[in-house]
Amino acid sequence: MPSTDPHRPDRPGTQAQPPDGAYLAALQAQVDAAARAARPLSSDAAGAPDDLVREVVGAVEALAPELVAVSHDLAEHPETAFEEHRSAGVLAELAERHGLAVERGAHGLPTALRADVSGGAGDVGGDAPVVAVMSEYDALPGIGHACGHNVIGAAGLGAVLGLASLGDRLPGGVRWLGTPAEEGGAGKETMARHGALDGLDAAVMVHPFGYDVAEHVFLGRRQLRVTFHGRTAHASAQPFMGRNALDAVALAYQGVGLHRQQMPPSDRLHCVVTEGGDRPNVLPGRAQMLFYLRSEHPETLRVLSGRLHDICRGAALMTGCGLETAWDESPATLPLRSNGPLAGRWGARMLERGREVLPAGVVPSLLAASTDFGNVSYRLPSLHPMIAVSDPGTSLHTRDFATAAAGPAGDRAVVDGAVGLALVVLDHLADSDLRAAVHADFAAAGGPVDVPSYFDAPAADGAA
């Protein structure tokens, strides 16, 4: 039995034990083997004329020093969700130096940006197809651009500037959207509800990663804040006169743990206790939890939402507490819906840059996070490829990934990503057969979804 003497050497230390890496190593070996056997993703679509392609590539490569400098600037001055004032300003200033008319504070958010580029087919918003290119630039608290949004911001703008270099020969329109608060704020959903996606034919962006892959799984995500209302009492003299809200938290946490056995492998449930009382000698009259729920499909995310509500309601009933639920304090995000023809064009264009893009399924779906771009992908055909900036073992949302995103591999990804996005957009605008295939693929996947109302059904009414 461990000693209770604080001076004994067998007393546990203050540092957490390091996790065992055996599973991750085995998983990495499986991915490496599958990647060696896979054929790079590509496409046989005609795409854009060669002369336009060469001109766009040349324009982006000429901009490379400025794009890399902006990426480094963002990395050195990280700003978190909805606070990206300097970051938005840096990107807007570069766009304006190259002739774009930038709207700051666009579509309902002070740090959002918009600029429209029209070609010879007429103004943006007319009959010609229009594609949005998106830039993210928010960082994470405490660890900066550990998701590589500095790369996303610079690459998206570089793509638009490359396309703008064509002038009247651009066969359609391009809308640059600077989208704040991807990290937990769902800025794209707010912008969409304020008209950012109106009149668009498709939307594209690129995200850094440890692999080159065009159709990686991203999970839908919701938030649930649960408040249990009990009754305070003296914990020693009259505990029987109280209703312990922290007990309800404990039961809900245990209920979630037991439910995990029945959850599909594609679901995730995690939470923190944000409030649990102030002193041990007072039964807590109020306690609170914050949950994140994730799932690979919109339908299963809706099912998981209802199940979690039932678990929390049961905990309230068992303890005699009241229950208050607050769903989606920032908008919910749907899973990412891939578009095969757009992904194929990305693979083909990346081959030209010396990158072999892995087909879907090589990188396992359990290595999945969430993005508010999922909401875009259920409104219109979309492309959200991942571009390698680090070795595969480096996880997003770590300081090591932030270093990689601002290093030589991140710099290369800025330029390759800008070229790739620009050429996929150009292919889409110039090739009517490709456009038809893109829209057929989107329709076959279910077509547009009314995102704001999708989760109205499951117990989001506030109290029970």
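A residue counts as buried when its relative accessible area is under 20%, as exposed when that value is over 50%, and as partly exposed in between. With that cut-off in mind, select Arg-345 in this predicted model: its relative accessibility is 4%, so Arg-345 counts as buried. Add Asp-427 to the selection, which is also buried, with a relative accessible area of 0%. These two residues form a salt bridge in which the closest N and O atoms are 3.0 Å apart. The pair links distant parts of the chain, since Arg-345 sits in helix 8 and Asp-427 in helix 11, 82 residues apart.

From Asp-427, extend the selection to the whole of helix 11, residues 408–430. Of its 23 residues, 19 are buried, so this helix is largely enclosed by the rest of the structure. A distance drawn between its end C-alpha atoms should read 33 Å, which agrees with the 33 Å expected for 23 residues at 1.5 Å a residue.

Next, select Asp-212 and Arg-355, whose side chains meet in a salt bridge at 3.2 Å, N to O. Asp-212 lies in the loop between strand 6 and strand 7 (220–229), whereas Arg-355 belongs to the loop between helix 8 and helix 9, so the contact ties together parts that are 143 residues apart in sequence. Are these two residues buried or exposed? Both Asp-212 and Arg-355 are buried. Keep them displayed and add Glu-61, Arg-353, Arg-412 and Asp-416, because together with Asp-212 and Arg-355 these residues are linked in a network of salt bridges.

For a pair in another setting, go to Arg-86 and Asp-73, which form a salt bridge with the closest N and O atoms 2.3 Å apart. Arg-86 lies in helix 3 (residues 85–97) and Asp-73 in helix 2 (residues 50–76), so this pair ties together parts that are 13 residues apart in sequence. Arg-86 is partly exposed, with a relative accessible area of 36%. In the model as a whole, the count comes to 21 salt bridges.

Now turn to the largest pocket, which holds about 750 Å³ of space. It is lined by 34 residues, and those closest to its centre are Ala-368, Ala-369, Ser-395, Leu-396 and His-397, which makes them a convenient selection for centring the view. The elements that give two or more residues to this lining are helix 1 (22–37), strand 6 (207–209) and strand 9 (286–295). Colour helix 1 separately, as it gives the most to the lining, with 4 residues.

Then select Tyr-23, Leu-24, Leu-366 and Leu-367, and switch on a surface representation: these residues form a nonpolar patch on the surface, with about 390 Å² of accessible area together. Leu-367 is placed in the loop between helix 8 (340–351) and helix 9 (373–377). At 32% relative accessibility, Leu-367 counts as partly exposed.

The last stop is His-229, which lies in strand 7. At 33% relative accessibility, His-229 counts as partly exposed. Which distance separates the C-alpha atoms of His-229 and Gly-322? Although the two residues are 93 residues apart along the chain, their C-alpha atoms are separated by 4.7 Å.

Technical notes. Residues are numbered from 1 along each chain as its sequence is written. This is a predicted model: local features need pLDDT of at least 70, side-chain atom pairs count only at pLDDT 80 or more; totals for chains, interfaces and linings use all residues. Side-chain values use heavy atoms; hydrogens and water are left out. Patches are made of residues with over 30% relative accessible area and no salt bridge: like charges are joined within 9 Å, nonpolar side chains (Val, Leu, Ile, Met, Phe, Trp, Tyr) within 5 Å. Accessible areas come from the Shrake-Rupley method with a 1.4 Å probe; for residues, only the protein chains shown count as cover. A salt bridge is a side-chain nitrogen of Lys or Arg within 4 Å of a carboxyl oxygen of Asp or Glu. Buried means under 20% relative accessible area, exposed over 50%, partly exposed in between (1.4 Å probe, protein chains only). The expected span of a helix is 1.5 Å times one less than its number of residues. On a 1 Å grid over the protein atoms alone, a cavity is a set of points where a 1.4 Å probe fits but cannot get out, and a pocket is an open set with protein on both sides within 12 Å along at least five of seven lines; lining residues have an atom within 4 Å of a point. Grid points are joined across faces, edges and corners, and a volume is the space filled by probe spheres set on the points.
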